[in-house]
Amino acid sequence: MITGADWFSRPPFLHSMYALARPDGFNGTFGERIMVAQVLDGLTTRHGACRIVAYADLSSNLVLVTNSGVKAPREALDALCGQAADAFAKPPIASPESCDVAIIAHGAETLIYLRHPVVQTDALCCVCGAGIDLPSFVQDARDCLGELTGPRDGAEAAG
């Protein structure tokens with residue numbers, strides 16, 4: 001686990017290679033964390049207006065893995081996760097079953113939070129520029145979150 005001064009002394013690309021233990025047991029192997037970082041990097045590559053993508057556990061308000069370009073301190077990332085948890089705790093405009101995205105325009109930034117529809121503790125927390133193509137980004141981010149979380153509804157896919 002990286003703490004305090006270690007966070008600032010490591011090159012930015014190493015930040016995404018470390019993850020904290022999750023309450024549900026997803027601690028992941030080193031290779032799995034690298035795979036997650038690659039998926040998140042792909043999202044920021046396809047959507048240049050997106051600077052930060054963090055895979056988070058909303059139940060513990062902790063960011064598990066970020067895209068490799070993130071230079072924010074752990075406290076700021078965990079605060080971003082806390083904002084996502086708060087956003088999803090508020091009564092939704094749509095029916096709760098279909099509400100998996102929260103978007104907050106904040107100055108020149110757009111904060112986009114996506115929650116997995118089945119495993120509602122898994123989320124992506126994204127910091128994007130105001131010029132992000134929302135429909136395209138949200139669909140792509142949903143696909144990434146689905147890839148990272150998987151179905152995990154107890155039923156195995158037939159095949």
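A salt bridge is counted here where a side-chain nitrogen of Lys or Arg lies within 4 Å of a carboxyl oxygen of Asp or Glu. In this predicted model, the side chains of Arg 51 and Glu 109 satisfy that criterion, with an N to O distance of 2.8 Å. Arg 51 belongs to strand 1 (residues 50-57) and Glu 109 to strand 4 (residues 109-115), so the salt bridge ties together parts that are 58 residues apart in sequence. Arg 51 is partly exposed, at 44% relative accessibility. Glu 109 is partly exposed as well, with a relative accessible area of 25%.

Both strands of that pair belong to the sheet. The sheet is open and has five strands in the order 2-1-5-4-3, with antiparallel pairing. Strand 2 (62-66) and strand 3 (101-106) stand at the edges; each has a single partner strand, so one side of each is left without a neighbour in the sheet. From one strand to the next, the twist averages 25°.

At one of these edges, strand 3 runs antiparallel to strand 4 and is joined to it by six bridges. Glu 109 appears again here: in strand 4 it stands opposite His 106. Helix 4 packs on the sheet and touches strand 1, strand 2, strand 3, strand 4 and strand 5 (122-129). The direction of helix 4 makes about 65° with that of strand 4.

Helix 4 (residues 74-89) also holds a salt bridge of its own, since Arg 74 and Asp 78 both lie in it, and their side chains meet at 3.4 Å, N to O. The two residues are four apart, about one turn of the helix. Arg 74 and Asp 78 are both buried, in contrast to the partly exposed Arg 51 and Glu 109.

A further salt bridge links two helices. The side chains of Arg 46 and Asp 140 meet at 2.7 Å, N to O. Arg 46 lies in helix 3 (residues 30-46) and Asp 140 in helix 5 (residues 134-149), so this pair ties together parts that are 94 residues apart in sequence. Its two members differ in accessibility: Arg 46 is partly exposed, with a relative accessible area of 47%, whereas Asp 140 has 15% relative accessibility and counts as buried, the limit for that class being under 20%.

Across the whole structure, the search finds four salt bridges. Among them are the strand-to-strand pair Arg 51 and Glu 109, the pair Arg 74 and Asp 78 inside helix 4, and the helix-to-helix pair Arg 46 and Asp 140.

Notes: Residues numbered from 1 in each chain as written. Predicted model: local features only at pLDDT ≥ 70, side-chain atom pairs only at ≥ 80, totals over all residues. Heavy atoms only, no water. Buried < 20%, exposed > 50% of the residue type's maximum accessible area, 1.4 Å probe, protein only. Pairing = 2+ DSSP bridges. Axes fitted to C-alpha atoms, helices over the stretch in contact; angles between N-to-C directions. Contact = heavy atoms within 4.5 Å.
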